[in-house]
Amino acid sequence: MQAPGSWRTSVASCPVALVVQKYGGSSVASAEHMKRVAERIVAAKNNGDDVVVVVSAMGDTTDELLDLASQITDTPPGRELDMLLTAGERISMALLAIAISEHGYEARSFTGSQAGVITTSSHGKARIIDVTPGRLKSALDEGSVVIVAGFQGVSQDTKDITTLGRGGSDTTAVAVAAALNADVCEIYTDVDGVFTADPRIVPNARRLDTITYEEMLELAASGAKVLMLRCVEYARRYGIPVHVRSSYSQLPGTTVTGSMEDLTVEQAIISGVAHDRSEGKITVFGVPDRPGEAAQIFRVLADAEVNIDMIVQNVSAEASKLADISFTLPKSDGPTALAALEKVKHTVGYTDVSFDQHIGKVSLVGAGMRSHPGVSAKFFGALADAGVNLELISTSEIRISVVCRDTDVDIAVRAVHDAFDLGTDEAQAVVYGGTGR
């Protein structure tokens with residue numbers, strides 16, 4: 001594999017040997033969309049590239065299938081729900097192969113299991129263990145365009161079909177790119193790259209030419225939906241350059257590659273502002289302030305496969321020796337977390353628990369903040385001036401995150417974006433498909 005970033009030189013001077021392209025649901029939402037995507041793929045093939053394409057389900061197909069299942073039961077079996085949902089990508093891959101064949105090229109479509117995507121057995125949120133791309137390599141050797149259904153694989157243990165969770169097609173694309181030793185993984189979506197904020201909230205958000213893996217990881221973890229967290233983790237682990245572009249335009253997009261150690265002194269202090277309304281907050285009241293109680297709480301949550309984000313524990317009152325522990329988690333994990341906590345209520349001895357679904361997270365991300373004092377002061381000052389009340393605060397080396405009311409998220413994002421002069425006076429960013437994916 002080439003060194004990260006070196007593909008950009010080869011793109012300008014000679015054909016890239018192998019390109020993996022991923023198209024999201026809004027990019028393949030209709031037959032006309034399929035034809036346009038096929039033309040882009042054929043253009044890459046005509047340029048001399050070998051092309052592997054990963055596709056999502058068309059438009060809102062996954063949501064529609066989930067709705068159908070919910071009309072039958074609120075608790076569908078995980079195995080059968082995965083079998084249902086993977087039908088969406090199978091439709092996309094077959095239609096796209098047909099569209100490419102109209103241009104005179106052979107295209108072969110493969111399900112996740114046929115493509116060798118091996119996963120854990122956790123239905124609905126399986127993780128990729130390995131990719132064994134023998135059939136893909138054979139098809140490429142024979143000159144075919146290879147199309148892979150994203151979002152799905154096959155369990156290593158049970159051999160059942162599995163799905164990877166929201167954004168799983170991004171992860172599929174990067175994993176396939178790593179397995180095939182591709183030169184670049186291109187993620188085509190309905191925005192023109194990675195922006196300093198969500199263009200739907202901040203119309204003058206600026207497109208970034210490049211961003212490091214670490215910064216993109218923080219943005220993804222903080223709610224930026226242009227790339228999913230696991231996709232970026234995989235790309236960093238295997239050194240796969242990721243090129244985020246729009247399938248609706250020919251603009252250059254954003255390159256995700258390199259590390260913070262590669263940054264120059266000219267690098268911007270702040271990369272962007274991210275937000276997330278998909279989380280809830282659980283507070284466990286009256287936890288005895290003694291060693292091991294917090295461990296019990298988070299161990300039972302881990303056993304229930306609940307993903308925890310921010311955690312804050314207040315100082316216990318001197319008289320009672322009781323503390324409160326608050327943490328954020330995906331709203332969808334809330335009922336599971338509450339049920340798990342109920343199991344240890346008597347052993348831990350906490351007094352009560354609450355679940356707040358009306359919160360939002362706003363995060364400032366930038367590798368430059370490590371060496372520039374005053375970033376925190378400006379960040380919190382902007383939020384104070386905007387009248388945004390903060391409930392939780394969390395930081396990393398290159399990120400500051402706060403939790404506020406969900407109704408204050410838009411105000412907070414704009415205030416912070418303006419405070420750090422992240423906008424542009426040029427043409428406004430466009431969300432072509434209306435989703436930002």
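Contact here means that heavy atoms lie within 4.5 Å of each other. With that criterion in place, this predicted model can be followed from its helices to individual side chains.

Helix α2 comprises residues 31-46. Its 16 residues should span 22 Å at 1.5 Å a residue, and the end C-alpha atoms are indeed 22 Å apart, which agrees with that expectation. The buried residues of α2 are His33, Met34, Val37, Ala38, Arg40, Ile41, Val42, Ala44 and Lys45; charged residue types such as Arg40 and Lys45 thus appear in the list beside Ile41 and Val42. The elements that cover these buried residues include the strands β1, β2, β6, β9 (184-189) and β11 (242-246), together with helix α4 (78-101). Just after α2 comes glycine 48, with a positive phi of about 100°.

Helix α5, formed by residues 134-141, has Leu136, Ala139 and Leu140 as its buried residues. These cover an arc of only 100° around the axis, and therefore lie on the same side of α5. Their cover includes β1 (18-23), β2 (50-55), β3 (107-110), β6 (145-149) and α6 (168-179). Strands β1, β2 and β6 thus take part in covering α5 and also in covering α2. After α5, glycine 143 adopts a positive phi, near 85°.

Strands β1 and β9 also meet through an aromatic pair. The structure holds 4 aromatic pairs. In one of them, tyrosine 23 and tyrosine 188 have ring centres 4.8 Å apart and planes at 10°, so the pair is stacked. Tyrosine 23 belongs to strand β1 and tyrosine 188 to strand β9, and the pair links distant parts of the chain, 165 residues apart. Both tyrosine 23 and tyrosine 188 are buried.

Rings also take part in arrangements with charged groups. The charged end of arginine 237 is placed over the ring of tyrosine 234, at 5.3 Å from its centre. Likewise, the charged end of lysine 378 sits over the ring of phenylalanine 420, 5.2 Å from the centre of that ring.

Lysine 378 falls within the residue range of helix α12 (375-385), one of the elements against which the buried residues of helix α13 pack. The other packing partners are β13 (272-276), β18 (359-365) and β20. Helix α13 itself covers residues 409-419, and Val409, Ala412, Val413, Ala415, Val416 and His417 are buried in it. Following α13, aspartate 421 has a positive phi, near 50°.

Strand β20, residues 399-405, contains serine 401. The relative accessibility of serine 401 is 2%, so this residue counts as buried. Its side chain makes a polar contact of 2.6 Å with the side chain of serine 363. Leaving aside residues up to four places away in sequence, serine 401 touches Ser222, Met310, Lys361, Val362, Ser363, Leu392, Ile393 and Ser394.

A final position lies in helix α3 (residues 61-70), where aspartate 63 is found. Aspartate 63 has a relative accessible area of 38% and is therefore partly exposed. Between aspartate 63 and leucine 85 there are 9.0 Å in space, C-alpha to C-alpha, and the two are 22 residues apart in sequence.

How values were computed
Residues numbered from 1 in each chain as written. Predicted model: local features only at pLDDT ≥ 70, side-chain atom pairs only at ≥ 80, totals over all residues. Heavy atoms only, no water. Buried < 20%, exposed > 50% of the residue type's maximum accessible area, 1.4 Å probe, protein only. Helix = DSSP H or I, 4+ residues; strand = E, 2+ residues; numbered from the N terminus. Arc of directions from axis to C-beta. Expected span 1.5 Å × (residues − 1). Phe/Tyr/Trp six-rings, centres within 6.5 Å; stacked < 30°, edge-to-face > 60°. Lys NZ or Arg CZ within 6 Å of the ring centre and 35° of its normal. Polar contact = N/O pair within 3.5 Å; in protein donor to acceptor, adjacent residues only side chain to side chain.
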